[in-house]
Every structure is written in structure tokens, then in C-alpha cells.
Amino acid sequence: MSQARGPSRGTATAASTRLSPRQLTSFMSNASSAAELLRLHSEHGAAFNEIHLATCWSRLGRIRGAERASLLRNDGEQLHPLREQSLAALSGWSGYAQALANIAHALGKLQPRGAESAKLWTSLESAVIGEVRGFNPQNLANTAWAFATAGSAAPALFDAIAAAA
């Protein structure tokens, strides 16, 4: 990877380089693979905020084909650190309606399955219910689509979305 797109995998300073929030978002936006996104999370996850989590999930939601299948193999084992950080962030989420909607939309596209992913959907549902009044119509639509696509039986969520619409 060129220096313009982010720290090189081969440099000893890649993991120790402290990126600004803007740089981190830029590097995620320019990541060309799930492996690159997960490497960025591994190296810089401690600096991830709600926007970074949403950006990372959003980019992962665009992954298709064999790379997507590999990513989701073994109950999404590769996603475990990102999923755990997301669970922790969702438990205290406040004020980032767009990021919540983006995470929901990304998960709806990615379609992770299994017990670990079910925890993420449940935590996301609770966070959305708490923030749904801050959602704009597009956020509401994307979130409803994501949960419906996932086959989530989330009547409280759908009621909250309907009340906010």
C-alpha cells in the first residue's frame, strides 16, 4: 500500500503510528479489502470512535464473493475484535444516529450469522431504540431494511421506528 493510502504493512512503525481521527477515517475509506480494514482495526482499534466503527462496518458491508464468505466463516471469527468493540460502544451509545443507521445497514448487507452476531444485532437494536428520535427518514428506512433483511424479530424496534416516522 502506498504511503498516500495509509501505513505500509511492511513498516515497523505502522502499528505504533498514531493516526488522527481524520487520517484513520481516510485510510478506512480507501481500504481495498476486508483484510486491510481488519488490519487497521487491529493496529488502531483503540483509537476508534463511533464514526470509525460505523465506517469500518460500512466498508465491510460492501465486501462480496469469496472474500465475504471467508470473512463470515466460523461464526465470523475474523470479526470478533471489531464485534466486541462494537458491543462495548453500543452499550453506551449516545447521539450518533447516522452511525447507528450505517452500522445496521452494513450488517444487513454483510449478513453475519451465529450466536456472536446475534449479540451484536440485539445490542444494536437496543441502541437504535434509544436513539431513534434522532433518525432522519433515510436512517429509519435503512435500519428497518437491515433488521427485516436479517430476519430479526424485533417488534420493539419496529414499533419505535414506526412511532418516529
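A helix here is a DSSP run of H or I at least four residues long, and helices are numbered from the N terminus. Keep that in mind as you look around this predicted model.

**Start with the whole chain.** Show it as a cartoon and you will find 9 helices and 0 strands. Turn the view along the principal axes: the C-alpha atoms fill a box of roughly 50 × 30 × 25 Å. The radius of gyration is 16 Å, which agrees with the value near 15 Å for a compact globule of 165 residues. Residues 24 or more positions apart account for 71% of the contacts with a separation of 6 or more.

**Next, switch on the surface.** The accessible surface comes to about 7900 Å², and 53% of that belongs to carbon and sulfur atoms. Of the 165 residues, 46% count as buried.

**Now colour by charge.** You should see 15 positive and 11 negative side chains, with the centres of the two sets 8 Å apart. Where do these charges pair up? A search of the whole structure finds 2 salt bridges, so visit each in turn.

**Select residues 34-44.** This is helix α2, home to both Arg39 and Glu43, which sit 4 residues apart, about one turn of the helix. Their salt bridge brings the closest N and O atoms to 3.0 Å. Is Arg39 buried or exposed? Arg39 is buried, with a relative accessible area of 14%, whereas Glu43 is partly exposed at 24%.

**Finally, select residues 115-131.** In this helix, α7, Glu116 and Lys119 are 3 residues apart, or about one helical turn. Their side chains meet in a salt bridge of 3.3 Å, N to O. Lys119 is partly exposed, with a relative accessible area of 44%.

Notes: Residues numbered from 1 in each chain as written. Predicted model: local features only at pLDDT ≥ 70, side-chain atom pairs only at ≥ 80, totals over all residues. Heavy atoms only, no water. Helix = DSSP H or I, 4+ residues; strand = E, 2+ residues; numbered from the N terminus. Rg over C-alpha atoms; globule rule 2.2 N^0.38 Å. Buried < 20%, exposed > 50% of the residue type's maximum accessible area, 1.4 Å probe, protein only. Contact = heavy atoms within 4.5 Å. Areas by Shrake-Rupley, 256 points an atom, 1.4 Å probe, with all protein chains shown as cover. Lys, Arg positive; Asp, Glu negative; His and termini not counted. Charge placed at Lys NZ, Arg CZ, Asp CG, Glu CD. Salt bridge = Lys/Arg side-chain N within 4 Å of Asp/Glu carboxyl O.
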